[in-house]
Amino acid sequence: MSAAKIVLLVVYIILAALALTQGETTVGIWSLRILGILAIAHLIETAVYFKLCQSAGGSLAGHLVSVFLFGVLHVKELKAAQGIS
């Protein structure tokens with residue numbers, strides 16, 4: 001796993017922790033909003049890159065989850081593995 005993916009996971013964990021522990025505060029509300037916006041954006045990316053995930057070989061579910069979590073970071077890896085620019 002790349003360093004960028006690890007950093008992104010840490011950001012998700014921090015946002016989730018803030019949303020859970022800060023509740024109705026401004027920080028908690030904005031953390032939850034940011035997580036929601038990221039989830040919607042990554043869901044759209046998952047739909048857009050579905051065919052790329054299908055053609056990548058390996059676990060389709062694994063690729064879809066990775067695109068949902070990491071977005072273009074995983075897409076770049078898939079394209080590099082397939083020799084697509």
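This report covers the fold of the chain, one helix pair and the aromatic residues of a predicted model.

## Overall fold

The chain is built from five helices and has zero strands. Read from the N terminus, the order of elements is α-α-α-α-α. The C-alpha trace spans about 45 × 25 × 20 Å along its principal axes.

## How H2 and H4 cross

Helix H2 covers residues 26-48, and helix H4 covers residues 60-70. Their axes come within 7 Å and cross at roughly 140°. Angles over 145 degrees would count as roughly antiparallel, so H2 is classed as oblique to H4. The crossing of the two helices is right-handed.

## Residues between H2 and H4

Which residues of H2 meet H4? On the H2 side they are Ala39, His42, Leu43, Glu45 and Thr46. Their counterparts in H4 are Leu64, Val67, Phe68, Leu69 and Phe70.

Sorted by class, this contact holds seven nonpolar residues, two polar residues and one charged residue. The charged one is Glu45, because Glu counts as charged. His42 and Thr46 are the polar ones, because neither His nor Thr is listed as nonpolar or charged.

## Aromatic rings

How many aromatic pairs does the model have? The count is zero, with ring centres required to lie within 6.5 Å of each other. Phe68 and Phe70 both belong to the H4 side of the contact with H2.

A charged side chain does sit over a ring: Arg33 lies over the face of Trp30, at 4.8 Å from the ring centre. This distance falls within the 6 Å allowed for a charge over a ring.

How values were computed:
Residues are numbered from 1 along each chain as its sequence is written. This is a predicted model: local features need pLDDT of at least 70, side-chain atom pairs count only at pLDDT 80 or more; totals for chains, interfaces and linings use all residues. Side-chain values use heavy atoms; hydrogens and water are left out. Rings of Phe, Tyr and Trp (its six-membered ring) pair if their centres lie within 6.5 Å; planes under 30 degrees apart count as stacked, over 60 as edge-to-face and the rest as tilted. A charge sits over a ring if NZ of Lys or CZ of Arg is within 6 Å of the ring centre and within 35 degrees of the ring normal. Axes are lines fitted to C-alpha atoms, for helices over the stretch in contact, and angles run from 0 to 180 degrees between N-to-C directions. Helices (H or I, at least four residues) and strands (E, at least two) are DSSP runs, numbered from the N terminus. Angles under 35 degrees count as roughly parallel, over 145 as roughly antiparallel, 65 to 115 as roughly perpendicular and the rest as oblique. A crossing is left-handed if the near helix is turned anticlockwise from the far one by less than a right angle, and right-handed if clockwise. Contact means heavy atoms within 4.5 Å.
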